[in-house]
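Welcome to a short tour of one chain and its fold. Have the viewer open and follow along as the text moves from strand pairing to the core and then to some unusual backbone spots.

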Amino acid sequence: MQSKIALTKNYRFLDILTAFSFIIIIITLSNSVGLVSVSAISKSNIIAMISNSRYDVTYYPLKLGSTLIWSNHDNMDHKIKINKNTTGELIAESNTIKPYSNFSHTFDKLGIYHFSDPLNSQMGGFISVSNDVASDTVSNNMKNNVNIQLVQEPIKPTMEKDTNFLIDFINQKMNKDQEHVDYDFVIYSVNGGENKQVYNQAGHSDEGVDQATYRFSQPGNYVVKVTIYDILFNPVIPDLAIFNVTVPK
Ligand SMILES: [Cu+2]
């Protein structure tokens with residue numbers, strides 16, 4: 001009898017243990033699922049207002065349906081007005097955007113938009129909203145834990161027309177733009193086994209995003225190489241990201 005009670009007690013103990021294990025497994029699973037989905041969410045699209053009343057990016061290729069955030073990193077008030085570029089139709093207008101605050105707008109219609117600042121007449125830029133935007137991120141084996149993302153519009157470059165790029169440095173831990181990056185952005189033609197530099201842009205990105213525009217004059221295969229040399233004003237072991245671009249005939 002006694003042994004049977006003891007056995008039942010043991011079973012109950014095992015049941016409780018099993019239940020606890022399941023709870024722990026579920027918590028662990030939901031945590032890892034949460035982490036996966038966090039890293040799968042792509043970084044926000046941000047245009048920063050920076051010192052001397054400028055924008056860090058003045059041509060922003062944006063995927064249809066995306067939200068763009070204007071973030072005031074300047075020490076004075078700003079405002080944003082968005083107009084349709086072709087017709088001038090007013091699409092949105094912000095209230096005063098104080099330093100360290102934001103304004104955002106979701107673009108659910110195709111087209112080119114002009115944005116400007118009613119408080120600073122010299123400030124302006126364009127947003128190109130389309131589905132013809134490709135994005136690729138190099139995140140493996142980055143020695144400095146900063147991903148390099150390249151956004152390209154259009155997906156298939158047209159010869160003798162602008163191909164627009166956004167070069168984005170993303171801090172892996174924060175999943176946000178890495179400030180103060182010295183880099184270069186070089187395009188090589190690799191047609192017929194050659195390795196000829198056709199475009200070179202070296203720069204310092206204060207906010208972690210920069211833009212580049214290039215007109216391809218020949219069809220074929222190209223390689224874009226983005227190299228990071230300094231982060232937060234300190235030299236680092238360079239990180240290199242390589243992207244392939246094919247220009248159709
Ligand atoms: Cu800087």
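Which residue of E18 does Ile-228 stand opposite? The partner of Ile-228 is Asp-239 in E18. Please keep in mind throughout that this is a predicted model.

**The sheet around that pair**

Strand E17 covers residues 220-231 and runs antiparallel to E18, with eleven bridges joining the two. Both belong to an open sheet of four strands, ordered E15-E14-E17-E18 and paired in antiparallel fashion. Strand E15 (196-205) and strand E18 (234-247) each have a single partner strand, so they form the edges and one side of each has no neighbour in the sheet. On average, neighbouring strands here are turned by 15° against each other, with direction ignored. As a general reminder, strands of a sheet pair through backbone hydrogen bonds, either parallel or antiparallel.

**The chain as a whole**

There are 18 strands and one helix in the chain. Of its 249 residues, 26% count as buried. Among contacts with a separation of 6 or more, 59% are between residues 24 or more positions apart.

How much of the chain scores a pLDDT of at least 70? That applies to 83% of the residues, and the chain average is 87. Residues 1-9 stay under 50, and the model gives them zero contacts beyond four places in sequence. Residues 22-41 also have a pLDDT below 50, with zero contacts beyond near neighbours in sequence.

**The core**

The largest nonpolar core counts 40 residues, and Ile-47, Ile-127, Val-226 and Ile-228 have the most contacts inside it. Domain 2 (45-130) and domain 3 (134-247) both supply residues to this core, so it lies between them. Ile-228 is thus a name to remember twice: it faces Asp-239 across the strands and is listed among the residues with the most contacts in the core. Looking past the neighbours within four places in sequence, Ile-47 is in contact with Tyr-55, Asp-56, Val-57, Tyr-60, Leu-68 and Trp-70. In soluble globular proteins, nonpolar side chains tend to be buried together.

**A buried glutamine**

Is Gln-211 buried or exposed? Gln-211 counts as buried because it has 21 C-beta neighbours inside 10 Å, where 20 or more are needed. Its place is in strand E16, residues 209-215. Leaving out neighbours within four places in sequence, Gln-211 is in contact with Val-57, Tyr-59, Asn-164, Phe-165 and Leu-166. Tyr-59 is 152 residues away along the chain, yet its C-alpha atom and that of Gln-211 are separated by 7.3 Å.

**Backbone spots to check**

Most residues other than glycine have a negative phi, and most peptide bonds are trans. Two residues with a positive phi are set side by side here.

| Residue | Phi | Loop between | Other C-beta atoms within 10 Å |
|---|---|---|---|
| Asn-52 | near 65° | strand E1 (45-50) and strand E2 (54-55) | 5 C-beta atoms, exposed |
| His-180 | about 55° | strand E13 (176-177) and strand E14 (181-189) | 15 C-beta atoms, partly exposed |

Which peptide bond is cis? The bond from Glu-153 to Pro-154 is cis, with omega near 0°. Pro-154 is found in the loop between strand E11 (146-153) and strand E12 (162-171).

How values were computed:
Residues are numbered from 1 along each chain as its sequence is written. This is a predicted model: local features need pLDDT of at least 70, side-chain atom pairs count only at pLDDT 80 or more; totals for chains, interfaces and linings use all residues. Two strands pair if DSSP finds at least two bridges between them. Axes are lines fitted to C-alpha atoms, for helices over the stretch in contact, and angles run from 0 to 180 degrees between N-to-C directions. A residue is buried if 20 or more other C-beta atoms lie within 10 Å of its own, exposed if 12 or fewer, and partly exposed in between; C-beta atoms are placed from the backbone. Two residues are in contact if their C-beta atoms, placed from the backbone, lie within 7 Å. pLDDT is the predictor's confidence in each residue, from 0 to 100. A nonpolar core is a set of buried Ala, Val, Leu, Ile, Met, Phe, Trp, Tyr and Cys residues joined through C-beta atoms within 7 Å. Domain bounds come from an automatic or database domain assignment.
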